[in-house]
There are 2 protein chains.
Amino acid sequence: MKVYFTFNSRPDLQQQLIEHFPKVEFTFHSRIENEVLAEADVLVTYGEDLNDEHIKIAKNLKWIFVASAGIEKMPRKAIADRNIIVSNVRGIHKKPMAESIIAHILSLKRSLPYIYNNQQNKIWDKKGNPTELNGSTALIIGPGAIGAEIGRLLQAFEVYTIGLNRSGEDAPFMNETHRISDLAQQLPKADIVISILPSTEETTHMIKYEHFQLMRENAIFMNFGRGNLVETDVLIRALEEKLIYHAVLDVFEVEPLPYDNKLWELDNVTISPHCSSHSSRYLERSLEIFKPSLEKWLKGDTDIENQMDILRGY
Amino acid sequence: MKVYFTFNSRPDLQQQLIEHFPKVEFTFHSRIENEVLAEADVLVTYGEDLNDEHIKIAKNLKWIFVASAGIEKMPRKAIADRNIIVSNVRGIHKKPMAESIIAHILSLKRSLPYIYNNQQNKIWDKKGNPTELNGSTALIIGPGAIGAEIGRLLQAFEVYTIGLNRSGEDAPFMNETHRISDLAQQLPKADIVISILPSTEETTHMIKYEHFQLMRENAIFMNFGRGNLVETDVLIRALEEKLIYHAVLDVFEVEPLPYDNKLWELDNVTISPHCSSHSSRYLERSLEIFKPSLEKWLKGDTDIENQMDILRGY
């Protein structure tokens, strides 16, 4: 059994795999080499390095483990035609993203930017006017696995959570759940508005100027889903007019955010460069998902976790 | 019944009291006026404006409500001699302090200082190397009410909590509890070391250079108790030698921290100017504690909450 990692990883993580699976022959390379590929039974990839030609060469390939969430750049038809099983690391972003979101909220509530700025200038100043998270209300738009983790943590801080999803059916760790179509009615209730919506036709430019007018003056608006949820100019106008207290943005219509974009100039916005899901533990956690699947596979059981429908894309 | 507030508060909070207690005559003044004092039955103070002479003048005074935790500056003997009841706002700092502590931890774990610095320079840079809080181990030295709240929140983030108190007996929201005398054995286990110890003879300079040598290289050390827990020079040496990853300090041996202190220069320390318990909701919450006590008092029940032994000081 030959397993080919098309990226390099920490030596200690490689060693763990080699020791855990003595009968497997592992190859770790930071690029694709056709000779290794031709003999590989299993491929582990970040999903951005494969083309149709590679699939043709990989004549023994039966399973591709994608150590990322997206498969947009993969040669999907060629893989489907060969009935190669594809599995991914679904859910791996949940914890780091939720921790980033709570970090940004608490930082603003407890005046950390004010403390950091003063420290740079050696200024001892207690007048940061911190407020508190407990007792707030949060509106979570798109409460899937990530939304549930955010809701769980917010509830620990005694925050009242309102979820918005397509059906309006109850969702985990939400005190109430409504339909996304009820957005306008729910916005005035929230101190914190968090979107983790994926990009679809319905969500493109879904949040409009009128929605910012409905938000509270003290509201924190957070976009951690897709950049096209709000037109950049609408966001800038709402922030310039101080319709809300602050925006925390992890995603943007154009990435990287252009140097001359007005958003960089505003003091009521945080620019997080699409890094909220990053983690030094990413690969470690990917391998935690990979290992039990490989164990099953070695026993001839192909019913592994997180299998994807490669043509549908999820 | 006459209640005298020796400080001013937001008009809406005053109005709430007046409406809630129609039979009480309230006076709100930002300093002590002897004529009002002479007739007051109840005094509400921050505890820093009273002297022996005031107690003599306040001949009707039966109860002092102190809207702060400390009573060091009060004329304690004069109050005790008259058997005036004193109650305070014990526990009021718990939530804002715990939120500040979690804010600082998450900010470091999720690279917020890196994000903020880059934003100031309009730099789009994803290489902040964030890590994660979940799965960490925290050592909480002094797990009273504040420590329990910190432990509760950390456990929600799937952090393993070890408490250190005098007795070593189980404490709420601690996975394990040990004696403070076992400090040296526990330090190597912790990714986060948090002290919320009050100042006593035993805790003065309790943390020594050798203790920093026992901490993990990736450890975050947080002092939110009293500044004399560590000698400033020891702290500076440990940080310069990078024995730990970062220190977050809310308290210092000398406050304000002098402009020429080396701590201001180091990049592995956060200087929080003794403000972690501050909150715009402080007075609101004080009154939430005061109201039920006043209700009891009006019914002739003097067994009110948070009564203090004024001579012993707590």
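This passage walks through the contact between chain A and chain B, then turns to a few local details of the chains. The model is a predicted one, and everything below should be read with that in mind.

Start with how the two copies sit relative to each other. Chain B lands on chain A after a rotation of 180 degrees with 0.0 Å of shift along the axis, and the RMSD of that superposition is 0.2 Å. This is how a two-fold axis relates its copies. The two chains also use the same surface for the job, since 100% of the contact residues of chain B turn up again in chain A.

Now for the interface itself. Chain A puts 57 residues into the contact, and chain B likewise puts in 57 residues. Interface size is often quoted as the accessible area that disappears when the parts come together. Here, about 5,300 Å² is buried between chain B and chain A, with 54% of it coming from carbon and sulfur atoms. On the chain B side, the residues that lose the most area to chain A are Glu99(B), Lys122(B) and Trp124(B), which together make up 16% of what that side buries.

Polar pairing shows up across this contact too. Between chain B and chain A, 39 residue pairs are in polar contact, counting pairs with both residues at pLDDT 80 or more. As for where the chain B side comes from, the elements that each give two or more residues to it are α5 (94–109), α6 (112–120), α7 (145–156) and β12 (269–271) of chain B. Of these, α5(B) supplies the largest share, at 9 residues. Sorted by class, the side of chain B that touches chain A holds 25 nonpolar, 18 polar and 14 charged residues.

Side chains of opposite charge can pair up when their charged atoms come close. The interface of chain B and chain A has 8 salt bridges. One case joins Arg152(B) to Glu158(A), with 3.3 Å between the closest N and O atoms.

Over all chains, the salt-bridge count comes to 30. A pair inside chain A is worth a look: Glu48(A) and Lys73(A) meet through their side chains in a salt bridge, 3.7 Å from N to O. Glu48(A) sits in the loop between β3 (42–45) and α3 (52–57) of chain A, while Lys73(A) sits in the loop between β4 (63–66) and α4 (76–81), so this pair ties together parts that are 25 residues apart in sequence.

A few backbone details round out the picture. In chain A, the peptide bond from Glu255(A) to Pro256(A) is cis, with omega near -5 degrees, and Pro256(A) belongs to the loop between β11 (246–249) and β12 (269–271). In chain B, the bond from Glu255(B) to Pro256(B) is cis as well, again with omega near -5 degrees, and Pro256(B) is found in the loop between β11 (246–249) and β12 of that chain. Asn129(A) isn't a glycine, yet its phi is positive, about 50 degrees. That residue, Asn129(A), lies in the loop between α6 (112–120) and β6 (137–141) of chain A.

Finally, the unreviewed UniProt entry annotates residues 102–276 of chain A as "domain: D-isomer specific 2-hydroxyacid dehydrogenase NAD-binding". In the model, this span of chain A is 27% helix and 17% strand, and its end C-alpha atoms lie 11 Å apart.

How values were computed
Residues numbered from 1 in each chain as written. Chains lettered and ligands numbered in written order. Predicted model: local features only at pLDDT ≥ 70, side-chain atom pairs only at ≥ 80, totals over all residues. Heavy atoms only, no water. Contact = heavy atoms within 4.5 Å. Buried area = accessible area lost by both parts, 1.4 Å probe. Salt bridge = Lys/Arg side-chain N within 4 Å of Asp/Glu carboxyl O. Polar contact = N/O pair within 3.5 Å; in protein donor to acceptor, adjacent residues only side chain to side chain. Helix = DSSP H or I, 4+ residues; strand = E, 2+ residues; numbered from the N terminus. Nonpolar A, V, L, I, M, F, W, Y, C, P; charged D, E, K, R; others polar. Least-squares fit on C-alpha atoms with pLDDT ≥ 70 in both. UniProt positions renumbered as here; feature names shortened; annotations may be inferred.
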